[in-house]
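Hi,

Here is the structure I promised to pass on. Have a look at it first, and then read my notes underneath.

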Amino acid sequence: KSHEELLIPPTPCHAKTNVMFLKTHKTASSTVLNIMFRFAERYNLTVALPADQLFHLGYPRTFVAHFVEGFETIGQNYNIMCNHLRFNALEVKKVMAANTFYFSILRNPIPLLESSYIYYKDYVPAFRSSKNVNEFLASPTKYYHPADYRRNIYARNIMWFDFGYDNNAEDDTNYTQAVLKEIEQNFHLILIADYFDESMILLKHTLCWDLDDVIYFKLNSRSQDTVQTLTPESEEQIKVWCSLDWKLYLHFNQSFWRRIGETIGLEVLEKEVDHLRTRQKELMETCLSEPEAVRKDHIRNKALLPFQSGAANILGYNLKQDLDNKTLRTCQKMVMPELQYMSYLYAVQYPHKKRKDVGLPLLWTSLQEK
């Protein structure tokens, strides 16, 4: 037999359609959410959406199944879950099928804290009472009072909190090792926001999705002029102040690259990242009237205005005027901010229920228009 015939043909894989994404804060997770929503529409999947007028799955309360719309009647029959929630494995398992794929995303705590500071400046007591991020970090305990812990979660170990753990816990080696082990048992994959394109390629391979399933336009980013520069002292202080998040990040950044090495390899990764970026550029040229995201006051269609928070100027997009219907739909979904997309999917899945009031004009008044 020739050498060729002995090679076993690769088994074609099937796209995984039961997927739970733990959406963490300030980690590019709004962009992932958009990818998940578009995927759900492509395969006509049922999404575990926030019940009634909730905009997230009960956050910051620990998740329970009845935060999901229709759980009492639908039971364990949801395919996709991706809105903000504070993770609670037992309750999530009541909602999601037994063969669900679980993944999340982490970000380096240094840029993460600065982003949190700007975005939640007016909301978090510890941030509100300090002049700027460096002043806060010079002596965090001066501004951070445990009594305000509910509103202060964004000021310390926010990722640890999102995964369901105590963000004010003592950084004890036995404890942190146990938590990391538990996260590894609950999640099949942890992506790294700092390597977002690489993360999308790894996700595509792991879930057997197509390249177009992970193409994205960056959503919920802010204008450069609202970014504050951290001093080297502040950067070091974050590693101490948010040491639980720091350990979490270091651990899963390592396993992320190990996973890439074992499954795709760096060469293929690089090729596919290039491919992703080329395709993304093509799509942006097709869809957008400006080459990149614009400031909130430059967004023409108010239905595409992202939610604004704190001192951040959250950017959005303008679409070209003369797109044909099919292209227009594709482009609208690529740029649709999360509140609008969530409320639209809610109206599709629950046509008889009262619409969610996102306080913004709807892109499609009737669902037939889609």
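Below is what I found, going from the core and the strands to the rings, a helix and two loops.

One thing to keep in mind from the start: this is a predicted model.

**The core**

Let's begin in the middle. The largest nonpolar core has 122 residues, and the members that touch the most others are Met81, Val95, Phe103, Phe136 and Met200. That goes along with a general tendency: in soluble globular proteins, nonpolar side chains tend to be buried together. Two of those names, Phe103 and Phe136, come back further down.

**The strands**

Phe103 belongs to β3, so that's a handy place to go next. This strand covers residues 101–106. Six of its six residues are buried, so β3 is largely enclosed by the rest of the structure. If you follow the side chains, Phe101, Phe103 and Ile105 point one way, while Tyr102, Ser104 and Leu106 point the other way.

Which strands does β3 pair with? One is β1 (residues 19–22), in the parallel sense and over four bridges. There, Met20 stands opposite Tyr102. Another is β4, again parallel and over four bridges. In that pairing, Ile105 has Leu191 as its bridge partner, and Leu106 stands opposite Ile192.

β4 itself (residues 189–192) is covered on both faces. Leu189 and Leu191 are on one side, Ile190 and Ile192 are on the other, and all of them are buried.

**The aromatic rings**

There is plenty to look at here: a search of the whole structure turns up 29 aromatic pairs. One of them is Phe136 with Tyr143, where the ring centres are 6.3 Å apart and the planes meet at 45°, so the pair is tilted. Both Phe136 and Tyr143 are buried.

Another tilted pair is Phe217 with Tyr317, at 5.8 Å centre to centre and 50° between the planes. This pair links distant parts of the chain, with the two residues 100 apart. Phe217 is in the loop between α13 (211–214) and α14 (232–241), and Tyr317 is in the loop between α16 (266–287) and α17 (325–335). Phe217 has 1% relative accessibility, so it counts as buried. Tyr317 counts as buried too, at 5%.

Back to Phe136, which is part of a bigger group: ring pairs join Tyr117, Phe127, Phe136, Tyr143, Tyr144 and Trp241 into a cluster. Leaving out residues up to four places away in sequence, Phe136 touches Leu113, Tyr117, Ala126, Phe127, Ser130, Tyr143, Ala155 and Trp241.

Some rings have a charge over them as well. Arg156 lies over the face of Trp241, 3.9 Å from the ring centre. Elsewhere, the charged end of Lys26 sits over the ring of Tyr119, at 3.4 Å from its centre.

**A buried helix**

Next, try α2, which runs over residues 29–42. It has 14 residues and reaches 20 Å from its first C-alpha to its last, close to the 20 Å expected at 1.5 Å a residue. Of those 14 residues, 12 are buried, so α2 is largely enclosed by the rest of the structure. Among the buried ones are Asn34, Arg38, Leu33 and Phe37. After the helix comes Asn44, whose phi is positive, near 55°.

**Two loop residues**

Asn83 sits in the loop between β2 (80–81) and α4 (89–95). Is it buried or exposed? At 2% relative accessibility, Asn83 counts as buried. Setting aside neighbours within four places in sequence, its contacts are Lys23, Leu33, Phe37, Ala48, Leu49, Pro50, Phe55, Leu57 and Met342. Leu33 and Phe37 in that list are the buried α2 residues from the previous section.

Tyr123 is in the loop between α5 (109–119) and α6 (125–128). With 35% relative accessibility, Tyr123 counts as partly exposed. Not counting residues up to four places away in sequence, Tyr123 touches Arg128, Arg151 and Tyr154. From C-alpha to C-alpha, Tyr123 and Asn152 are 8.5 Å apart in space, though 29 residues separate them in sequence.

If you want somewhere to start on screen, I'd go for Phe136 and the ring cluster it belongs to.

Cheers

Notes: Residues numbered from 1 in each chain as written. Predicted model: local features only at pLDDT ≥ 70, side-chain atom pairs only at ≥ 80, totals over all residues. Heavy atoms only, no water. Core = buried A, V, L, I, M, F, W, Y, C linked by side-chain atoms within 4.5 Å. Buried < 20%, exposed > 50% of the residue type's maximum accessible area, 1.4 Å probe, protein only. Contact = heavy atoms within 4.5 Å. Expected span 1.5 Å × (residues − 1). Phe/Tyr/Trp six-rings, centres within 6.5 Å; stacked < 30°, edge-to-face > 60°. Lys NZ or Arg CZ within 6 Å of the ring centre and 35° of its normal. Pairing = 2+ DSSP bridges.
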